[in-house]
Amino acid sequence: MSAASLADRWRHLRGSDRYPECLRVLLALGGVVTWCFATGHIDTVISALLGVIACALAETEDHWRSRLGTLLVTLACFAVSSFAVQWLFPYPLLFAIGLPLSTFVLVMLGAISERYATVAGATLLLAVYTMIGADQGGATLHPWHQPLLLLAGAAWYGVLSLLWSVLAPQQAVRHALARLFDALAAYLEGKAALFTPVHGVDREALQLSLAMQNERVVEALNETRLMLIDRIGSRRPRGATAARLRLYFMAQDIHERISSAHYPYDVLAEVLFHSDLLFRCEHLLRLEAQACRQHADVLRLRRETPVTSDSHAAVEDLRGALAALRELTQPPAAHLLRTLDALVSNLSAIQAQLAGEPRAGMPAAGAESALQNPAPLSLGEAWGRIRIQLTPRSFRFRHAVRLAIALLVGYAVLHLVHPRNGYWILLTTLLVCQPSYGATRLRLLQRVSGTVIGLLLGWITLRLLPFGPWQMPLIVASGVMFFATRLRRYPTATAAITLFVVLCFNQVGNGYDVMRPRLLDTLIGATIAALAMHFVLPDWQGRRFDEVLADMVRSDARYLSRIIAQYLDGRRDDLDYRVARRDAHNANATLSTVLANMLREPGQHRRGSEVLLRFLAAAHTLLGQLSALGVNRQAITAVAAREAVTQAGTLAVDALEQLADALANGLDAMPVAGNASLTGVLATQDGDDTTRLVLGQLAQVLAQRDRLAELANDLHGG
């Protein structure tokens with residue numbers, strides 16, 4: 001392999017979003033192992049290493065100021081949890097009372113924000129680590145010896161993490177933006193498939209796939225926004241942060257443009273079957289996907305990637321194809337030509353932004369470019385978020401109760417089965433028991449299979465390397481492998497952490513002794529988690545589908561209301577508009593997530609799966625129609641045209657609100673597109689092309705609204 005090839009591979013490894021965390025874990029674990037061997041305290045290695053892992057799992061990608069505060073909160077939670085476990089450990093009755101109560105409290109703290117949810121989850125994990133250490137005789141030297149070692153390992157990793165964030169404050173934002181542009185590229189490629197003008201294409205299935213892709217884009221947008229908010233705070237963005245903010249706004253605008261649906265794709269494919277215009281649209285979209293990936297590489301690898309001029313030529317060819325279509329002896333209808341004009345203009349705007357050309361209407365500096373901060377601003381607001389969730393209707397409350405009872409049952413079972421080495425039951429139950437049945441079932445299969453593979457690897461390793469010191473590099477490597485794969489390949493991560501455990505325990509005893517308990521306890525803990533998911537406040541997704549559907553349609557109505565207002569006042573991507581747009585996409589992504597979870601549930605708990613898949617595809621089409629209205633925003637000056645758009649927009653918003661109310665209350669939804677007064681409002685106007693385009697798009701919105709109402713009625717009827 002050449003030096004250039006090696007250098008390129010090294011550059012891509014450094015550009016991986018997993019590289020920073022893995023390197024920190026490598027330094028932290030390696031430092032602990034080195035210190036334990038250098039000082040002869042090999043008996044402390046397990047607790048210190050587990051402290052490192054717990055703190056790494058509690059880590060959030062914050063600016064160093066926020067990370068310092070989060071680290072202090074994390075260490076405080078760790079200290080309370082670990083010392084409480086050590087104190088209550090000799091008293092099983094008190095322990096049985098404290099375990100479910102603390103579990104419930106920590107899960108409910110996650111209602112404050114994602115940051116608190118991450119810290120609370122890691123705190124529960126550290127509590128189980130403390131139990132495992134105490135079970136191995138960690139309290140024989142001194143009652144506080146075990147908690148102090150765990151805290152020392154956690155503090156050591158926390159210091160490394162803090163230093164990293166000081167030295168590389170923008171790295172996490174760059175990686176988040178790179179993931180965002182990769183997600184946009186995948187979405188563009190999915191969109192391109194809709195423009196293939198061939199017969200027999202199942203475009204409803206393609207819309208369903210696009211809805212799933214949109215969920216990933218929305219997730220990447222939300223992740224990037226939170227990182228930018230953390231780094232900007234109340235200050236005015238400048239320097240690298242301001243540049244990243246502009247990229248985020250550009251990605252937001254591109255996302256809205258990609259999402260837009262100007263006309264039914266089946267009709268376009270039929271009308272333009274003998275034209276090359278749709279092929280050129282598809283080609284341009286694929287080139288734009290390639291450009292998005294180039295932007296991701298620039299952000300990830302911190303090097304300039306040459307941008308080709310193919311997309312500019314493709315835009316000119318597309319415009320030429322549209323001009324040739326107009327010159328035909330029998331050109332398409334006028335309303336279709338207006339739609340194609342808007343479509344070509346939209347694709348051209350995406351290409352211009354990816355080429356670095358500034359766009360008018362982007363948020364200006366100051367209040368207009370502010371980002372909505374989701375964090376609570378006071379203790380009262382934080383408590384208010386928790387209080388809202390204190391109801392059996394809340395999925396977080398149900399999960400908190402379920403997990404608390406599952407851990408209590410696990411604690412009782414471990415005393416009945418084998419108190420020694422039995423705390424792996426609690427660890428497995430904690431990690432397998434997820435908020436939804438589908439996620440729990442998937443995690444159960446992954447955990448069991450990964451554990452079996454990890455134990456097999458551990459047995460092979462002990463046979464080949466029976467001496468402790470030679471196993472230390474493998475301990476560090478398996479710990480790093482766990483963090484490298486835990487988000488995307490959980491079975492591999494489970495196998496790695498199982499090997500890590502076997503080798504760690506081999507340093508202070510006999511690694512073979514933990515293999516059988518680890519396997520048995522994994523099976524027991526997974527069984528308890530599965531039974532809890534079935535019988536303790538089961539959160540079947542079908543039960544809350546009406547609420548999720550209603551929230552989605554209401555979000556669409558608010559988004560449409562903001563769009564119509566800007567046809568009167570002029571285009572401006574202010575905070576209110578961006579929040580409404582984000583809420584609509586978040587609600588659509590939530591529907592996609594809930595549906596995916598429901599499809600993993602037992603058959604008797606599913607509600608019309610085929611109808612719901614059609615509903616998701618139709619809902620994504622509706623969001624695309626609203627996005628098309630959003631990308632074409634411009635002020636309409638003629639009085640009569642403004643009144644027509646206002647009246648038609650109000651009717652469309654009211655129709656969506658009526659559908660949302662019907663969904664929320666389980667009622668039949670009535671069609672509105674055939675209403676005589678509505679037909680009069682949507683009649684062809686004598687105004688400009690923008691007015692006619694808006695009214696035609698609103699007609700499509702209302703037709704799609706009726707399609708959703710029809711599917712909702714089928715769902716209730718089924």
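What follows is a chat between a student and an author about a predicted model of a protein chain.

Reader: Let's start with the whole thing. How many helices and strands does the protein chain have?

Author: The protein chain has 27 helices and zero strands.

Reader: What makes the protein chain as compact as a globular protein of that length?

Author: Put two numbers side by side. The radius of gyration is 28 Å, and the globule rule gives 27 Å for 718 residues; those are close, so the chain is as compact as a globular protein of that length. If you'd like a box to picture, the C-alpha atoms fill one of roughly 90 × 65 × 50 Å along the principal axes.

Reader: And how much of the protein chain is buried?

Author: Buried residues make up 54% of the 718. As for the outside, the chain exposes about 30600 Å², with carbon and sulfur atoms supplying 61% of that.

Reader: Why is Phe181 called buried?

Author: The cut-off for buried is under 20% relative accessible area. Phe181 has 0%, so it counts as buried. You'll find Phe181 in helix H8. Leaving aside neighbours within four places in sequence, its contacts include Leu247, Met250, Cys292, His295 and Leu354.

Reader: What about Gln207, why does that one count as buried?

Author: Run the test again: Gln207 has 8% relative accessibility, and the limit is under 20%, so buried is the right word. Gln207 sits in helix H9, residues 203–232.

Reader: How do you know that the side chains of Gln207 and His620 make a polar contact?

Author: The distance is 3.2 Å, and a polar contact needs a suitable pair of N or O atoms within 3.5 Å. So the pair passes. His620 is also among the residues in contact with Gln207 once neighbours within four places in sequence are left aside, together with Leu194, Tyr265, Ala617 and Thr621.

Reader: Tyr265 has a ring. How many aromatic pairs does the structure hold?

Author: There are 10.

Reader: Why is the pair of Phe195 and Tyr265 called edge-to-face?

Author: Two values matter for any ring pair: the distance of the centres and the angle of the planes. For Phe195 and Tyr265 the centres are 5.2 Å apart, which is within the 6.5 Å limit for pairing. Their planes are at 80 degrees, and over 60 counts as edge-to-face, so that's the name.

Reader: What makes this pair tie together parts of the chain?

Author: Look at where each ring lives. Phe195 lies in the loop between helix H8 and H9, while Tyr265 is in helix H11, residues 265–271. Those parts are 70 residues apart in sequence, so the pair ties them together. Phe195 is buried at 3% relative accessible area, and Tyr265 is buried at 8%.

Reader: And why are Phe482 and Phe483 called edge-to-face?

Author: With centres 5.0 Å apart and planes at 80 degrees, the pair is over the 60-degree mark, so it's edge-to-face. Phe482 is buried at 9%, and Phe483 is buried at 0%.

Reader: Which residues do ring pairs link into a cluster?

Author: Phe89, Phe95, Tyr411 and Tyr423.

Reader: How do you know that Arg633 lies over the face of Tyr577?

Author: Part of the test is distance: the charge must be within 6 Å of the ring centre, as well as within 35 degrees of the ring normal. Arg633 is at 3.8 Å from the centre of the Tyr577 ring and lies over its face. Arg24 lies over the face of Trp164 too, at 5.4 Å from the ring centre.

Definitions and conventions: Residues are numbered from 1 along each chain as its sequence is written. Side-chain values use heavy atoms; hydrogens and water are left out. Helices (H or I, at least four residues) and strands (E, at least two) are DSSP runs, numbered from the N terminus. Buried means under 20% relative accessible area, exposed over 50%, partly exposed in between (1.4 Å probe, protein chains only). A polar contact is a pair of N or O atoms within 3.5 Å; within protein, one must be able to donate a hydrogen and the other to accept it, and residues adjacent in sequence count only if both atoms are side-chain atoms. Contact means heavy atoms within 4.5 Å. Rings of Phe, Tyr and Trp (its six-membered ring) pair if their centres lie within 6.5 Å; planes under 30 degrees apart count as stacked, over 60 as edge-to-face and the rest as tilted. The radius of gyration is taken over C-alpha atoms; the globule rule is 2.2 Å times the number of residues to the power 0.38. Accessible areas come from the Shrake-Rupley method with a 1.4 Å probe; for residues, only the protein chains shown count as cover.
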